[in-house]
Amino acid sequence: MKESIYLSTPEHAKLEFELAGLASRFMAHAIDLLVIGCILTCLSLLLFLGPFASLVRDTGAFDSYGIAFIILISFLILWGYYFLLEGYFQGITPGKKMMGIRVLREDGMPIGFYESAIRNLVRAADAFPPPPTSWVASACISMMPVNVWVIWLRVRLSSVNRFPK
């Protein structure tokens, strides 16, 4: 099913943005999770096998404070990855770039750090199992607070009204 949104420019041109489908969004997320997994694996190897290994063993970093620290660092990497990349690269992460999609604001402009922060803070709500009666409506909760769309990178000029009324 192909869905599009249309925006009119001040020059009376109508731009068509094709909304990204579930499969392309899933693949982009899977690629991003693979990158995040590589980052976490490298940090874990550095922490437990690298130059810090003796420090971890000698100080008892596996107690509750050490585990809490590891969970905090993991959260910061998981959340910071999307927040920083989507904010800095205007709605594009490596996974989205490979799949040819991006996140735009409702007015067709790229998202910034504000929209990225809110979108990614509410991303956890997307991970909860949805109620059986409204699974379609709850599939994109993280896009609702800031009015953003995930679209394909290509944009078509739909029509140009040369003589506005």
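A nonpolar patch of about 740 Å² lies on the surface of this predicted model. The residues that make the patch are Ile39, Leu43, Leu46, Phe69, Ile70, Leu72, Ile73, Phe75 and Leu76. Two helices, H1 (22-48) and H3, each supply at least two residues of the patch. The largest share comes from H3, with 6 residues.

Allow me to take one member of the patch, Ile70, which is found in helix H3. Is Ile70 buried or partly exposed? Ile70 has a relative accessible area of 31%, so this residue counts as partly exposed. A patch residue must have over 30% relative accessible area, and the 31% of Ile70 is the value to set beside that cut-off.

I turn now from the surface to the interior. In soluble globular proteins, nonpolar side chains tend to be buried together. The largest nonpolar core in this model has 5 residues, namely Ile36, Ile77, Tyr81, Tyr82 and Leu85. Helix H3 gives the most to this core, with 4 residues. H3 is thus named twice, as it also gives the largest share of the surface patch.

Which residues does Ile36 touch? Leaving aside residues up to four places away in sequence, Ile36 touches Ile77, Leu78, Tyr81 and Tyr82. Among these, Ile77, Tyr81 and Tyr82 belong to the core together with Ile36.

My final point concerns the backbone. Most residues other than glycine have a negative phi. Gln90, by contrast, has a positive phi, near 55°. Where is Gln90 placed? Gln90 lies in the loop between helix H3 (64-88) and helix H4 (94-99). Its relative accessible area is 41%, so Gln90 is partly exposed.

Definitions and conventions: Residues numbered from 1 in each chain as written. Predicted model: local features only at pLDDT ≥ 70, side-chain atom pairs only at ≥ 80, totals over all residues. Heavy atoms only, no water. Buried < 20%, exposed > 50% of the residue type's maximum accessible area, 1.4 Å probe, protein only. Core = buried A, V, L, I, M, F, W, Y, C linked by side-chain atoms within 4.5 Å. Contact = heavy atoms within 4.5 Å. Patch = residues over 30% accessible without salt bridge, like charges linked within 9 Å, V, L, I, M, F, W, Y side chains within 5 Å. Areas by Shrake-Rupley, 256 points an atom, 1.4 Å probe, with all protein chains shown as cover. Salt bridge = Lys/Arg side-chain N within 4 Å of Asp/Glu carboxyl O.
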